[in-house]
Amino acid sequence: MKRELWNQDWFGPFAVTVLAIVIVGALKPSFLSPFNIQILLLAISVNALVAFSQMVIIAIGQMNLSVGAIGGLAAISFAGMMEVWGLPWPVAAVLSLGIGLLAGLTNGLLCAYTGISAFVITLATLSVFKGFNLGITEAQPFYDVPEMVKWLGNATVLGPIPWLVLPFAVSAVALWYLLFRLPLGRSVLAVGGNTHAAELSGISVPRIVVFAHSVSGLLAAMAGIMLVARLQLGQPSIGDDWLILSFAAPIIGGAVLTGGRVSVGGTCCGVAIVAIITQVLVLFNIDPFLVQVVLGGLILWAVGVNRIREVRGQRKAAAAGI
Amino acid sequence: MIDIKKIATAGAVVAGLTMAANTAMADSSTRVALVPGGPHPYFAAWEQAGKDAAKDFGLGSADYKVPQKWELSLQNQMLESLVTQGYNAFLVFPGDPVGTVAIADELAATGAPVMALAGCLKDPSQAVFCMGTDTGNSAYLGTKELLKVLPKGAKIAHFTGFLVDPNTQLRIDAVEKAAKEGGAEVIQVIADIDAPEPAEEKINAYLAAHAGEVDGLITTAWVPAVVASNALRKIGDKRIKMVGIDHDEVVLGAIKDGFVHGTMLQNPYGQGYLGSYAADRLRSGCTVKKDAPFKSIALTDKFIDSGTVFAGADAVDNYVGSMQKITKDIFADFEGKYLNCG
């Protein structure tokens with residue numbers, strides 16, 4: 001059954017995003033200046049990958065508390081391999097993506113084959129990955145980032161559109177295609193929707209769990225690498241702030257925490273809404289404490305809207321005798 | 001990486017000058033733990049400082065122990081664990097000026113000397129003293145330096161650190177005071193940005209919208225100083241003058257290239273080195289003088305200023321020398337001023 005446009009998961013967040021852009025742009029014209037658009041797109045590009053990294057895990061009905069720790073480890077590995085070993089940046093990037101993949105794979109294997117909840121496993125691995133990070137860096141940044149990487153982190157490709165939009169856009173399209181057009185992605189959503197039913201229909205749940213965590217690790221590593229390019233240094237604290245955002249954006253974008261339902265477009269809009277709010281609080285000189293309050297309020301609102309939709313859906317199904 | 005070699009060299013020179021006079025003080029049973037509030041490059045110099053102090057004064061050890069995150073409970077757990085591991089002197093950056101008092105008192109009850117380092121505990125506490133940058137004074141002096149290169153009535157923005165950091169409010173007040181005295185106006189304070197992602201997002205957003213309205217930037221935390229230096233370099237704006245803080249390579253490079261006017265150097269190495277020395281002396285039977293010339297600041301009446309100095313383009317190459325001189329000066333009469341070892 002084809003759902004109407006306004007009933008799509010992404011439509012609500014998209015409408016809020018457009019409305020926010022129009023209102024803030026009218027009140028503060030500098031918000032729509034090319035430089036600010038570039039800043040906004042840079043923030044969205046990196047934060048979207050962080051959100052995707054969590055979204056894939058939400059899709060299987062789990063959560064990954066180690067997203068930031070994996071991203072941070074990949075980031076300092078990327079910068080460290082270039083500075084300490086003098087590796088060319090593409091090689092360092094591929095190896096760092098490999099580290100992210102390996103970290104995700106470890107999470108996946110532990111979650112799939114120990115029977116311990118992902119919450120506990122990723123809470124433990126968060127500590128392990130962060131420990132590696134601090135052990136390697138001793139809390140000091142890596143500074144010798146090649147000019148090419150710095151350029152990629154700050155250059156624009158078309159008007160105010162930064163280069164970093166490219167990996168974000170490719171990842172978004174690839175994720176959408178994977179989740180909604182390929183059997184593998186459908187299996188991910190099926191496992192999240194009803195693990196038992198998925199198992200009975202022949203899906204290997206452990207394999208899907210391992211796959212989802214591996215993708216999550218890869219995406220987190222990509223975000224970490226992009227942040228090194230954007231910040232022009234490998235800060236050990238990269239990733240420390242990701243946890244709330246990683247949950248907020250998918251939830252605002254219509255993801256159901258119990259799994260089986262996520263929206264790539266909605267998550268992108270969730271990221272955009274959070275980025276706009278962060279900017280608005282700066283542009284209008286609003287108390288920084290309010291950033292957290294507003295973000296918390298937004299998550300509550302999004303979860304509330306999702307719950308209302310679920311209840312309505314159940315009522316409709318009951319009325320139709322399904 | 002931060003030039004730890006330079007800091008280590010500075011330490012070695014200071015140590016070399018002082019070692020001869022102090023080898024008799026050795027008490028190999030002293031095990032000092034230097035515990036920051038969480039991972040942060042500012043504290044990196046404590047590690048070398050501890051090692052140098054252990055070597056120079058014959059301590060059992062002086063180890064730098066970093067909690068994994070900026071969380072009071074994590075820091076408290078680490079401190080408790082260090083007691084069981086046999087550490088008997090603690091140099092602690094308080095995760096919270098009030099919240100850390102209880103654990104500091106608990107540590108002191110074991111007989112260990114406890115000192116607040118780089119940030120203070122709110123009195124009353126069992127900490128023997130607090131040694132750190134007079135953050136208010138540093139922010140005040142930095143703002144004054146900034147105002148020297150700005151026209152009368154200039155508009156400045158202040159980028160600062162964690163709101164939970166006891167020093168942040170002191171810095172905000174000091175910048176406001178200096179601006180008022182100099183006839184300038186602080187048009188915006190952006191706080192809680194001592195982490196890369198929020199700093200990058202907010203500082204750039206601010207400059208995108210307000211670069212034309214602001215004449216100067218004062219940054220009073222490490223990461224905002226780094227990010228603002230990069231941002232000014234990126235937009236290529238030398239009209240906006242900036243005074244940063246600390247000795248990050250990015251900031252020093254921006255000063256050399258003329259994008260940043262200067263930076264307020266702090267003395268983390270000296271804090272770790274002098275703190276470890278004092279801890280050992282206290283364990284060897286010295287007591288804190290009743291009439292020690294402590295300074296009074298908002299949080300405590302037992303404050304020792306570890307020093308701060310402005311480094312502009314002319315002094316940036318010799319920042320290690322500046323830190324070295326401060327440490328040497330404080331060390332020269334530290335025992336006579338603050339301790340009773342008779």
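**Exercises on Strands, Helices and Contacts**

**Exercise 1.** State how many bridges join strand E4 (residues 114-117) of chain B to strand E5 (residues 130-132) of chain B, and give the sense in which they run.

*Solution.* Two bridges join E4(B) to E5(B), and the strands run parallel. Helices (H or I, at least four residues) and strands (E, at least two) are DSSP runs, numbered from the N terminus. Two strands pair if DSSP finds at least two bridges between them. Leu117(B) stands opposite Met131(B) of E5(B).

This is a predicted model, in which local features need pLDDT of at least 70 and side-chain atom pairs count only at pLDDT 80 or more, while totals for chains, interfaces and linings use all residues. Residues are numbered from 1 along each chain as its sequence is written, and chains are lettered from A and ligands numbered from 1 in the order in which they are written.

**Exercise 2.** Place these strands in their sheet and identify the edge strands of that sheet.

*Solution.* First, the order: the open sheet has six strands, E2-E1-E3-E4-E5-E12 (chain B), with parallel pairing. Next, the edges: strand E2 (61-64) and strand E12 (303-305) of chain B each have a single partner strand, so one side of each lacks a neighbour in the sheet. Then the turn: neighbouring strands are turned by 20° against each other on average, direction ignored. Angles run from 0 to 180 degrees between N-to-C directions, and axes are lines fitted to C-alpha atoms, for helices over the stretch in contact. Finally, the packing: helix H3 (residues 72-84) of chain B touches strand E1 (31-35) and strand E3 (89-92) of chain B, and its direction makes about 170° with that of E1(B). Contact between two residues requires C-beta atoms, placed from the backbone, within 7 Å.

**Exercise 3.** Describe how helix H7 (residues 196-210) of chain B packs with helix H8 (residues 222-235) of chain B.

*Solution.* The angle is about 40° and the axes are 9 Å apart. H7(B) and H8(B) are therefore oblique to each other: angles under 35 degrees count as roughly parallel, over 145 as roughly antiparallel, 65 to 115 as roughly perpendicular and the rest as oblique. The crossing of H7(B) and H8(B) is right-handed, a term used if the near helix is turned clockwise from the far one by less than a right angle, with anticlockwise being left-handed. The contact includes Pro196(B) and Ile203(B) of H7(B) and Val223(B) and Ile235(B) of H8(B). By class, this contact has 10 nonpolar, one polar and one charged residues. Here Ala, Val, Leu, Ile, Met, Phe, Trp, Tyr, Cys and Pro count as nonpolar, Asp, Glu, Lys and Arg as charged, and the others, Gly among them, as polar.

**Exercise 4.** Decide how enclosed helix H11 (residues 242-252) of chain A is, and whether Asn306(A) is buried, exposed or in between.

*Solution.* A residue is buried if 20 or more other C-beta atoms lie within 10 Å of its own, exposed if 12 or fewer, and partly exposed in between, with C-beta atoms placed from the backbone. Nine of the 11 residues of H11(A) are buried, so the helix is largely enclosed by the rest of the structure. Among them are Trp242(A), Phe247(A) and Ile252(A). Just after H11(A), Gly254(A) takes a positive phi of about 105°. Asn306(A) belongs to helix H13 (residues 289-319) of chain A. With 19 other C-beta atoms within 10 Å, Asn306(A) is partly exposed. Leaving aside neighbours within four places in sequence, Asn306(A) is in contact with Gly254(A) and Val256(A).
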